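Colleague: I'm new to this one and would like a close look at a single part of it. Could you walk me through it slowly?

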Amino acid sequence: MAIKFGTDGWRGLIGDDYTLDNVRLCAQGTARLLSENPDENRPLIVGYDTRRGSLEFARAVAEVGAANGITVLLTDRVTPTPVISYNLVARNARGGVVITASHNPPEWNGYKFKPDYGGSASPDVVDRLECLIAEVESIGDVKRISLRTAEDRGLVTYIDPEPLYMENIERLIDIQAIRDAGLVVIVDPMHGAGGGYFNKILSGGSTVVKEIRDEPNPAFPGMAQPEPLAGNLSQLMSDVVGHGAHIGIATDGDADRLGVVDENGRFMTTLETFALLCYYQLEILGNRGPLVRSITMTSMIDKLGDLYGVPVFDTKVGFKYLGPLMMEHDAIAAGEESGGYAFKGNIPERDGILSGLMVLDMMVKTGNSLSELSAVLERKVGSHNYKRVDLSFNEDARTLIKQRSAERTPVHLGWKPVKTVDVRDGVRFVLEDGYWVLVRFSGTEPILRVYAEDDSPEGVDRLLQEAQDLARV
């Protein structure tokens, strides 16, 4: 089979295409990639999440890496992706592999390769890795030694990845101020790798952290998938109100994405959350520098850029595009609609834990609740409403859907004229005042996504319906 990487890594159905043999193919391809720029003194870091078989798959990667003469640092526990990514930089690693399917349903698992800068692999690196994996598969050349042998030879050692990450968090955020703020925080790690982190970071003061669904569970019960969106967070929204909490925080399966619930139990869209975090960077911290957003991210970012005199760059969906652009322009923040946000001083990659702490820091520094901060943002940039619809489709219709979406270019959508059409990633219709609607295929699942942002909920619903009509075959 041809192993193809999507917006962030390769993902497959466990026991179907996602097997030990195929993970070993990926690992051998990774070893070949690293050997093209040999540096025997730098390790490969391997980590894993709470999904079924993740530890076994991670051990398989370590065995292949060691057989190729690469020193492997294997995490000694389930670890969030951003924690592994930060360790790559802090430990001067050659690269990293994370066994995770992030937010996908429980029957999936995945393989993320991270270059030495800790971010998602760029398209050029991904293309090269796919070619190397295909070469390995064609000749059947997978090297492997047992984990015990690798340990005895000093080629595989175990690391505690938490301390270095925690030290950096303390450098970036005034943690003590949050501990002493007397907040009530409900955290939902969604049975994923982020369980326990907020408790560890914020314990020792008057702030109270209560975690729900914090025990690892590869079945991810009570949710369609461990994605921090409103439909999966009914318990969190209810508990925030029931406990009189100031905020609800959710992280996805590998804790690189963030979901936020305000004190009234309202789920804040990922677009609103990123806009608030950019406002926090620009207004509250006084930072200046470019902002980077995906084409699925809110036009509020562009309006904030205009207000504060900083450039805004947009790109296709996926941190394999956002991360390199963030580094190229020394951006202070980058974000995508999925709830993944990155910030200068950390890594050019999503970090749901750091993002959640930044929201708390914003509340402490301003003394405002989340609903009050939302009102401030609206006064700055106007009203923005957003919704996404995910549609299953017959794979045979993919090409026809693409053609129909690209060929049908209406003069108006909703009640607004279409100003421009962007076909870099799907088909995005930009309307007046920066509002927009987009039709694109998911890069990780067999789903057609339809996105819309408008100045009213009614406008969003109308845009979504008209966009679906455009894509319908």
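What covers the buried residues of helix H9?

Modeller: Happy to. Keep in mind that this is a predicted model. The cover over the buried residues of H9 includes four strands: S7 (184-188), S9 (247-251), S10 (258-261) and S11 (267-268).

Now for the helix itself. H9 spans residues 234-242, and its buried residues are Leu-236, Met-237, Asp-239 and Val-240. These four cover an arc of only 165° around the axis, so they sit on the same side of H9. A bit of background helps here: an α-helix has 3.6 residues a turn, so residues three or four places apart point the same way. Turn H9 around and you get the face pointing away from the buried side, which carries the exposed residues Ser-234, Val-241 and Gly-242.

Next, have a look at what comes after and before the helix. After H9 comes Gly-244, with a positive phi near 60°. On the other side there's the loop between strand S8 (208-211) and H9, and Arg-213 lies in it. Phe-220 is found in that loop between S8 and H9 too. Why pick out these two? Most residues other than glycine have a negative phi. Arg-213, though, has a positive phi, near 45°, and Phe-220 also has a positive phi near 45°. As for burial, Arg-213 has a relative accessible area of 11%, and because anything under 20% counts as buried, Arg-213 is buried. Phe-220 is buried as well, with a relative accessible area of 1%.

If you carry on along the chain, there's a helix pair to look at. Two packed helices are described by the angle between their axes and the distance between the axes. For helix H10 (residues 270-284) and helix H11 (residues 300-308), the axes come within 9 Å and cross at roughly 15°. Angles under 35 degrees count as roughly parallel, so that is how H10 and H11 run relative to each other. H10 passes H11 in a right-handed crossing. On the H10 side, the contact is made by Leu-271, Glu-272, Phe-274, Ala-275, Cys-278, Tyr-279, Leu-282 and Glu-283. H11 brings Met-300, Ile-301, Leu-304 and Tyr-308 to the contact. Sorted by type, the residues of this contact between H10 and H11 come out as 10 nonpolar, no polar and two charged.

Conventions:
Residues numbered from 1 in each chain as written. Predicted model: local features only at pLDDT ≥ 70, side-chain atom pairs only at ≥ 80, totals over all residues. Heavy atoms only, no water. Axes fitted to C-alpha atoms, helices over the stretch in contact; angles between N-to-C directions. Helix = DSSP H or I, 4+ residues; strand = E, 2+ residues; numbered from the N terminus. Parallel < 35°, antiparallel > 145°, perpendicular 65-115°, else oblique. Left-handed = near helix turned anticlockwise from the far one by under 90°. Contact = heavy atoms within 4.5 Å. Nonpolar A, V, L, I, M, F, W, Y, C, P; charged D, E, K, R; others polar. Buried < 20%, exposed > 50% of the residue type's maximum accessible area, 1.4 Å probe, protein only. Arc of directions from axis to C-beta.
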